[in-house]
Amino acid sequence: MNINLPWDLSVVPEKFFLFRDAALLTLEITTLGILTGLVLGLIVALGKLSQHQFTSKLASAYIFVIRGTPLLLQLFIIYYGLTSIVTIPPFPSAIIALGVHNGAYIGEIFRGAIQSIHYGQMEAARSLGMTHRKAMRRIILPQAFKRAVPPLGNQFIIALKDSSLASTIAVPELLLRGRQMGSSTFMYMEMLIIVALWYLIMTSLLTYGVHRLEQRLKVSDHD
Amino acid sequence: MKKRLQITMIVLLVLSVPGFLFAGGQQEEGAETISFAGSGGYPPFNFITEDNEVEGFDVDVAAEIAERMGLELEYKTTAWDGIIEGLRAGRYDGILGSMAITEEREKVVDFSDPYYYSGPQLIVKKDGGINGPEDLDSDSVIGLVTGTTFEKDAEQLGVQVKLYEDDNQTLLELLNGRVDAVLTDRIVGLNAISQLKDGDQLTLVGSTLRTETMGIAFQDDDDELREQVNAVLQEMRDDGTLRQISEKWFDGEDITVE
């Protein structure tokens with residue numbers, strides 16, 4: 001058994017910060033993708049719960065298509081497929097794909113959270129004279145949001161890692177940078193290890209952030 | 001509760017600001033540019049340096065063409081297997097990234113006159129017992145890059161093929177023993193062997209399987225630009241600039257003539 005590693009780990013600290021810009025780009029794609037996803041998710045969740053048949057069907061169809069196809073495929077369709085209509089540059093393409101993709105998942109998270117709020121809450125709010133819309137905004141959504149935080153945190157971490165798929169459409173984020181550097185320095189594994197470290201740092205920060213948010217939201221809990 | 005939500009929203013918005021700035025910065029474009037694309041993972045022809053610059057023989061040729069046309073060069077890198085699709089979508093003006101002129105590609109793009117010549121050759125492990133294409137059989141596993149012309153060559157050799165994204169992966173697989181040989185461009189192979197850690201275990205065997213002619217690809221209907229670039233290329237040949245660029249990158253070797 002030959003345990004002589006074919007790679008040279010001593011370059012890891014020395015090359016580590018060459019990836020800073022790429023890491024920032026990964027963070028930007030993720031943040032903007034998640035924001036888009038949150039907006040779409042809320043619309044989808046409310047749409048799916050809507051009494052209007054058409055709205056509800058539309059939201060279901062969106063979830064059906066987006067959740068039923070791989071993100072990588074969606075990315076290719078947006079980047080290569082839409083060019084007959086509009087040519088979107090790589091960076092916005094990645095954000096749109098990530099946002100649309102996460103919109104479906106976040107929509108289901110929101111819907112689950114909204115439905116988990118006891119129907120007595122809505123009834124109580126309505127009997128106090130609030131409209132359905134007002135009750136939703138003031139009573140249901142704030143409580144639902146709190147319950148949605150843990151699964152949202154999970155989804156954010158998935159989104160952060162999924163942003164690496166943007167490497168396939170020439171967005172010089174972490175993974176692509178790692179592969180390019182590996183290709184030009186002929187130290188492929190070394191560069192991928194650096195990329196892995198960057199991802200771990202970012203997912204750790206995200207996990208910590210979500211944990212803090214959970215703690216803070218708990219303050220108003222009395223049960 | 002309400003206040004916290006507001007604060008959360010503000011934080012998220014602030015976080016997103018650098019993203020929008022960056023998006024704007026990426027698209028900034030001078031009025032007079034010409035853009036060429038390559039994979040950025042094909043040293044020494046085009047590759048990304050530590051400073052995040054693209055360099056290589058292809059890039060120098062592109063820069064010289066742009067300069068002679070009085071335009072600013074924008075050299076874009078993109079995945080090889082989508083590079084023609086990107087050209088057809090108009091994401092760049094041409095592909096100047098060591099693309100071999102083939103009949104199949106001619107059906108979807110138009111090529112300039114050739115700017116260099118090379119050919120596919122086998123790379124094997126020195127102690128692997130393969131001394132040329134004649135030692136391969138239907139059990140041999142060959143690694144090569146997806147979307148290259150070498151797929152056809154491997155088919156003709158009648159071997160099993162494993163496809164990878166770039167030659168770094170194929171050569172690592174060769175060192176790891178998952179493939180018996182790698183089929184790639186002769187010059188790319190030579191360069192990789194000289195730079196790869198443990199590259200001294202590898203060697204090129206046999207002669208090049210055939211000659212490949214590299215051209216610059218343009219959109220099918222972009223005859224005007226193609227003609228202009230052809231004229232510039234001819235100028236660069238005539239005054240020796242093309243040869244000089246080749247000699248700079250390939251130890252004095254001139255690959256721009258057949």
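Two strands count as paired if DSSP finds at least two bridges between them. Keep that in mind as we tour this predicted model.

**A small sheet in chain B**

Let's begin with strands E2, E3 and E4 of chain B, which make an open, antiparallel sheet in the order E2-E3-E4. At its edges lie E2 (41–42) and E4 (54–55) of chain B, each with a partner on one side only. Strand E3 (residues 46–48) of chain B is joined to E4(B) by 2 bridges. Look for B:Phe47, which stands opposite B:Glu55 in E4(B).

**A covered strand**

How many of the 6 residues of strand E9 of chain B are buried? The count is 5, so E9(B), residues 120–125, is mostly covered, where buried means that 20 or more other C-beta atoms lie within 10 Å of a residue's own. E9(B) has antiparallel partners in strand E12 of chain B and strand E13 of chain B. B:Ile123 takes part in both pairings, as the table shows.

| Partner of E9(B) | Residues | Bridges | Opposite B:Ile123 |
|---|---|---|---|
| E12(B) | 181–185 | 5 bridges | B:Val182 |
| E13(B) | 202–205 | 4 bridges | B:Leu204 |

In general, strands of a sheet pair through backbone hydrogen bonds.

**A helix in chain A**

Now turn to helix H9 of chain A, whose 31 residues (188–218) reach 45 Å from first C-alpha to last, close to the 45 Å expected. Its buried residues include A:Tyr188, A:Met191, A:Val195 and A:Trp198. What do the buried residues of H9(A) pack against? They meet helices H1 (11–15), H2 (20–49), H7 (132–162) and H8 (174–185) of chain A, together with helix H6 (167–176) of chain B.

Definitions and conventions. Residues numbered from 1 in each chain as written. Chains lettered and ligands numbered in written order. Predicted model: local features only at pLDDT ≥ 70, side-chain atom pairs only at ≥ 80, totals over all residues. Buried ≥ 20, exposed ≤ 12 C-beta atoms within 10 Å, placed from the backbone. Expected span 1.5 Å × (residues − 1). Contact = placed C-beta atoms within 7 Å.
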